[in-house]
Amino acid sequence: MNIIYRDRNLIVVEKPPGMASQQERGLDMDAVSWIRIHLHTDYVGVVHRLDKPVGGVMVYALDPQSAARLSEQVRARQVSKTYEAAVYGQPAQSGGTLEDMLLEDRRSNVTKVAAAGTPKARRAVLSYETEAVLRREEQCWTLLRIHLLTGRRHQIRVQLAHAGFGIAGDRKYSPEAPLLPGYRGLALYASELEFAHPVSGERMKFSARPEFADIFRRDGGPGEA
């Protein structure tokens with residue numbers, strides 16, 4: 001795991017795909033345990049999460065006060081999160097907004113789009129823009145830049161699948177979407193994270209680029225309107 005930034009209050013890392021954000025059952029290494037071992041510390045505060053198959057930029061607190069302040073930013077939607085995803089197909093517009101009502105089933109760990117007025121369903125909103133398009137014979141994949149305006153479980157994966165543009169490699173929500181050529185994993189990545197430092201208040205922004213984006217740079221073309 002790559003450390004992007006660290007000070008006495010927090011650490012920003014690039015979590016690899018396939019690693020859990022926090023401790024879970026089993027013997028596989030998770031991000032929290034890795035940080036504890038690497039920094040020789042007992043306290044690592046989890047303030048947000050990424051699905052296990054999703055890689056990208058994450059921040060962890062190194063003291064309880066910082067954890068509380070960062071968690072409050074997350075609840076107040078003061079943390080900006082940007083993702084990149086490779087979807088199968090190409091949206092008709094180069095950018096837009098998706099808004100749905102999502103209903104979580106914690107027992108099955110599945111989220112579904114629900115009708116308006118469904119009990120316990122919550123509003124989910126994201127915006128997207130096209131970065132590049134990759135064509136291979138009669139198939140097409142699009143690299144999207146996605147801005148989360150709400151934070152729901154599996155939100156990006158569910159909303160894109162519902163819109164008809166499943167993420168490549170997403171076996172849970174888009175099993176019919178072909179894999180991106182040259183990449184076998186879930187093609188979704190947390191590429192940017194911006195928040196205020198819990199002590200100084202300074203606005204901080206960190207970024208990383210997913211491996212699958214290089215496939216579009218090498219073999220794809222610019223986005224098309």
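In the predicted model, the largest nonpolar core has 58 residues, of which L180 and F195 touch the most other members. Beyond its neighbours within four places in sequence, F195 contacts L10, V12, V59, L70, Q73, V79, E202, R203, M204 and F206. In soluble globular proteins, nonpolar side chains tend to be buried together.

Two of the residues in contact with F195, L70 and Q73, are also among the buried residues of helix α2, together with S66, A67 and S71. Viewed down the axis of α2, the buried residues occupy an arc of 155° and therefore line one face of the helix. These residues pack against four strands: β3 (45-46), β4 (55-61), β10 (188-196) and β11 (203-207).

Helix α2 comprises 12 residues (64-75); at 1.5 Å a residue the expected span is 16 Å, and the end C-alpha atoms are 16 Å apart, so the two values agree. At the start of α2, the backbone nitrogen of Q65 has a side-chain oxygen of D63 within 3.2 Å. The helix is followed by R77, which has a positive phi, near 60°.

D63 and S66 are also among the residues touched by N9. N9 is located in the loop that connects β1 (2-6) and β2 (10-15). With a relative accessible area of 12%, N9 falls under the 20% cut-off and is therefore classed as buried. Setting aside residues up to four places away in sequence, the contacts of N9 also include Y60, A61 and L62, as well as H197, P198 and V199.

Note on methods. Residues numbered from 1 in each chain as written. Predicted model: local features only at pLDDT ≥ 70, side-chain atom pairs only at ≥ 80, totals over all residues. Heavy atoms only, no water. Buried < 20%, exposed > 50% of the residue type's maximum accessible area, 1.4 Å probe, protein only. Contact = heavy atoms within 4.5 Å. Expected span 1.5 Å × (residues − 1). Arc of directions from axis to C-beta. Polar contact = N/O pair within 3.5 Å; in protein donor to acceptor, adjacent residues only side chain to side chain. Core = buried A, V, L, I, M, F, W, Y, C linked by side-chain atoms within 4.5 Å.
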